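Reader: Hello! I'm new to looking at protein models, and I'd like a close look at a single part, with enough of the surroundings to find my way. Could you walk me through one sheet slowly?

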Amino acid sequence: MLGYSSRRVLSLGRIAKSTARWKFPNLMRDARLATAATANTTAKPSAPTPPPKPADNMVEVFVDGKSVSCEPGMTVLQACSLAGVEIPRFCYHERLSIAGSCRMCLVEVENSIKPVASCAMPIWKGMRIKTDSEMTRKAREGVMEFLLVNHPLDCPICDQGGECDLQDQAMVFGSDRSRFTDNAFSGKRAVEDFDMGPLIKTCMTRCIHCTRCVRFVNEVAGLSHLGTTGRGNNMQIGTYVNRMIESELSGNVADLCPVGALLSKPYSFVARPWETRRIESIDVMDAVGSNIVISMRTNEVLRILPRLNEAINEEWLADKSRCACDGLKHQRLVVPMRRPAGRELHERSSWEEVLVAIGERFVSLGSFNPPKCSPNQVAVIAGPFTDAETLTAAKDLASAMHSDLVCTEERFPSMRTKVRANYLFNSQIAGIDEADLILFIGTNPRYEAPMINARVRKNWLNNELDVALIGEKVDLTYDYEHLGSSTSAILDIISGKHPFSKRLASAKNPMIVVGSECLQRPDGAAIHNAALHLACKFAPSPEIGVARFNVLHRYASQVAAMDLGYHGGLDKVKNAKPKVAILLGADQGQFTRADLPEDCMVIYIGHNGDHGAKMSDIVLPGAAYTEKHGTYANLEGRAQRTYPAVAPPGDARQDWAIIRAISEVAGCPLPYDDLEGLRRRMRELAPGLLEVDVIQAASPSSLKLAADDAKNQFPKESKNLDTKTPLSPSMKELHQYFMTDAISRASPTMARCVKAFKSHVAPPNASFNE
C-alpha cells in the first residue's frame, strides 16, 4: 500500500534484525547463557548464591565503569546525570519533548558501531556507556565544527556573550581550527530576521536549529505560531506568516535559546552578565509567588529572570513579571508631598513637615490618650503589593487608635475568612499535576495566573486532564468543556441535573477553582458558598471536599492580609466615615475620594504614583519589592520573602518604618523599632508567615467546620445568586494582560506590548490552533 516492493520489505526486515543484534547484545547474550545453564543443570553442581541484585523495577547500567541503578525508560543522558557525568547538549531540555537534532550529546555505547544520541536513546540492562572515550571526543568535536561552520563570529556584540552555551561548549569540546574551506568562496549562511513581538529580539543567522523555541511555544505556551521550514542548510525557524508570538509566556524563549538567536529586546545592549549582581527574590505581580533572580548594576534593576522552584513556577516566568520591572524607574515617588488646601496639585515637602501634619491630626483624634479615643477614626486600606511587615505595623497602629478598619482593596466574603481553607488554593500548585478534573468558575487563569495555566496545560497535554469552565468563553490554550456563563450551572451540577455531575462524582482527584474576580460581584459571597458546597457535595468526606476547593487570587498581598485579620473589601470603611485613611499602595481604583468624608485626611504610602496618590492629601514615598525585606504569602499560603537588590530612590523609606514614624509622632509608638521585633509581632498574629517556604497543613476540624458552614448556609445563599448576569472576567485578550497595576502601568515596555498586540492583526487563515 505504501509502494514498497517485497524485496524492499525483506531487506528492511534484515536491517531490523541486525540492528537488534548490536543494539541489544547483552540481552541476547544473557538469553544464550540462560539457555546453556538450563541445559547443563543436571551435569553441574549448584552455583553459589549470587550477590543481591537491584530492585526488580530498576535497571543497572555502567557509566564509565561505574554501576548506576536507573528507572526503566530513562535515557542514556539521564543515566549519566545520575552518575554525576554532565553530557553536553543544545536541543535537549528536561521540560520539553526530545528532538535529538543537535547531536552534541553523542556518547559511545559498548558493541555499538557508532556513537548514539544520549538524549534519545533508552537504556537497557547491562548497558555500558563511555562518555570520555576517543570515539566520543572525536564525535563531539566534529559536531561542534559543523555547528560553527555557519555561525557568525560576532561574540563581542552579542548580548548572549558570557552566558552562551555555544561559547562554553566550544571551549571545552571544540577544536582550534576548522577543516571547512567552502566559506572562503561562498561565504557563511545568512538568515533574515522576523518580528517575534515587543519582548523578543531575533538574530536568526546565529540559530543552530535546536528547536527549543519551537517546542516551547507549541507545548508550553500552547500556540502553533512558530515552526520550521526547509531542510538541512536551508532550514529556518519562523512564524510561517507575518505574525507575532501572541503569548503571555513569550519571554521564556530567550532563556531557552542556547545561542544569541533569540534575545530579550528590553535588555538589548544594556549590560554584560559579569557586570551585574544577582539577588534571589520573589515576584509580586500576581499571587502565584514565582521565584525570580534580580540582576542589578549601579543601584538599578536591569532585568528579572526565573529561578527554579518545582513547587511553584518550575523554571518559567510570565512576561509581566519578567519585563515590567522598568516601571520601577518611571513615575516613582521620591520625596514626600503635601496638597495645600484648595489646590489640586501636590507640592514638594519634607519628612519633618508631613510627619508634623500627620501627628497633629492624630493628636486631634485623641492619640495621646487612647482609652478615650473614639473608635474607628483611622482606616487602613491595603493594595496589591503590600508586604506582611507593613500590614502588621498598620494593623497595630489602627488598633492603638481603637480602630478595626483594616481592609484590603480586593473584596472577599467577610464571613469566610475565619477558616483559612476558605481563601486558599488548598490543592496546592504542584497538586495540579495529580488532578484528573478541573472546574474553573468565573476566571481566566491564562492572564490572571499564567503559571497556574501552564501547569494545567502540562497536565492536559501529558495526562489528558478533563477541564471545564463556568464563565465567559476564553482561550486557555487547551481544550475544555464550556458549561455556560451563568451561575445557574453551579446549582444544576449540585442538584445532579447537569451531565457534568456524574463526571465530577466519578473523578478521583478533582479541583474546583474559583476566581477572586467573580467574588467582587454583589453575589460574591453566594458564589463562594455555592462553589465550596459543590466541592464537598461529590467528595467522600467533608474534609476532602474542602481540600479540593481553591481560590485563585490576583494580588500578592491578599492572603497575608487575611491571615493577619484584614477585612476583604471597603464596605466597612465607606460606612464608618473615618477621619484618617492610610492607603498602602491602594491604586486599583476600587474607591474614589467621594467614598470618604470631606474632612478625612488621606495618607498614601507607596512607590508609584497612581490612583491612590492622586486622591491623597499627603504622599509618602515607600519602597518597592526589589528594595526591601518583605514577606508575602502566595495563593496556596506559602510564605516567601523578597530581598533588597537596590536601595529605595531619593527620600523613599521602608513602608513599615514609615508607619512606625507615624505612630511616634502620634504619641502611640509601636513596641518595636527594627525588623526582628516586627517579625516577632507577626508571629503572634500569624505564625505561618514566619515559616518560610512551608505550607501549613489545615487541621481536619477546621476543614469540617468550613464544610458544615457551607452546607448550612447554602439554602440561604443560593437564593442570592445572580443567575442573569454572566460570569465575565475583565481580561479576555492579551493586550488587557500587560497593564493591570501601578508598576505595569508605569512601564514603557508594557505600554509597547499593549500597543503592539492591540493593533496587531493576524493574517487571514493564520490561526493554526483551530
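What follows is a walk through one sheet, with a look at the whole chain before it and a few other places after it.

Author: Happy to! Please keep in mind from the start that this is a predicted model.

Let's begin with the whole chain. Its secondary structure comes to 25 helices and 27 strands. The C-alpha trace spans about 100 × 65 × 60 Å along its principal axes. A compact globule of 770 residues would have a radius of gyration near 27 Å, and the chain has 31 Å, which agrees. Of those 770 residues, 55% count as buried. If you look at contacts with a separation of 6 or more, 69% of them are between residues 24 or more positions apart. The accessible surface is about 34200 Å², and carbon and sulfur atoms hold 53% of this area. As for charge, there are 91 positive and 88 negative charges, and their mean positions lie 5 Å apart.

Now to the sheet. Which strands make it up, and in what order? Five strands are involved: the sheet is open, its order is β19-β18-β17-β20-β21, and the pairing is parallel. In general, strands of a sheet pair through backbone hydrogen bonds, either parallel or antiparallel. The edges are formed by β19 (481-482) and β21 (549-552), and each of these pairs on one side only.

Let's step across the sheet, starting with β17. Strand β17, residues 437-441, pairs with strand β18, residues 466-470, in the parallel sense over 5 bridges. To find this pairing on your screen, look for Ile 441, which stands opposite Ile 470 in β18. β17 also pairs with β20, again in the parallel sense and over 5 bridges. Here your landmark is Leu 437, standing opposite Pro 510 in β20.

β20 deserves a pause. Is this strand enclosed or left open by the rest of the structure? β20 covers residues 510-515, and 6 of its 6 residues are buried, so the strand is largely enclosed by the rest of the structure. The cut-off behind that step is that a residue counts as buried when its relative accessible area is under 20%. You can also follow the two directions in which its residues point: Pro 510, Ile 512 and Val 514 go one way, while Met 511, Val 513 and Gly 515 go the other way, and all are buried. From β20 the sheet continues to β21, with 4 bridges joining the two strands, which run parallel. In this pairing, Ile 512 has Phe 549 of β21 as its bridge partner.

For contrast, try another sheet in the chain. This one is also open and has 5 strands, in the order β2-β1-β5-β3-β4, but its pairing is mixed. At its edges stand β2 (66-70) and β4 (116-117), each with a single partner strand, so one side of each has no neighbour in the sheet. Among its pairings, β3 (residues 106-109) and β5 (residues 128-130) run antiparallel and are joined by 2 bridges. The residue opposite Glu 108 is Lys 130 in β5.

Next, a helix: α16, residues 524-537, is where you will find Ala 526. Is Ala 526 buried or exposed? With a relative accessible area of 2%, Ala 526 is buried. Leaving aside residues up to four places away in sequence, Ala 526 touches Glu 717, Asn 720 and Leu 721. The C-alpha atoms of Ala 526 and Lys 716 are 8.7 Å apart, although 190 residues separate the two along the chain. You can set this beside another pair, Val 241 and Asn 462, which are 221 residues apart in sequence and 29 Å apart in space, C-alpha to C-alpha. Val 241 belongs to the loop between β8 (236-238) and α8 (252-256), and its relative accessibility of 29% makes it partly exposed.

Finally, two loop residues are worth a click. Most residues other than glycine have a negative phi. Asn 376 is not a glycine, yet its phi is positive, about 55 degrees. Asn 376 sits in the loop between α10 (351-364) and β15 (378-382), and it is partly exposed at 27% relative accessible area. Lys 577, also not a glycine, has a positive phi of about 55 degrees. Look for Lys 577 in the loop between α19 (571-576) and β23 (580-584), where it is partly exposed, with a relative accessible area of 47%.

Definitions and conventions:
Residues numbered from 1 in each chain as written. Predicted model: local features only at pLDDT ≥ 70, side-chain atom pairs only at ≥ 80, totals over all residues. Heavy atoms only, no water. Rg over C-alpha atoms; globule rule 2.2 N^0.38 Å. Buried < 20%, exposed > 50% of the residue type's maximum accessible area, 1.4 Å probe, protein only. Contact = heavy atoms within 4.5 Å. Areas by Shrake-Rupley, 256 points an atom, 1.4 Å probe, with all protein chains shown as cover. Lys, Arg positive; Asp, Glu negative; His and termini not counted. Charge placed at Lys NZ, Arg CZ, Asp CG, Glu CD. Pairing = 2+ DSSP bridges.
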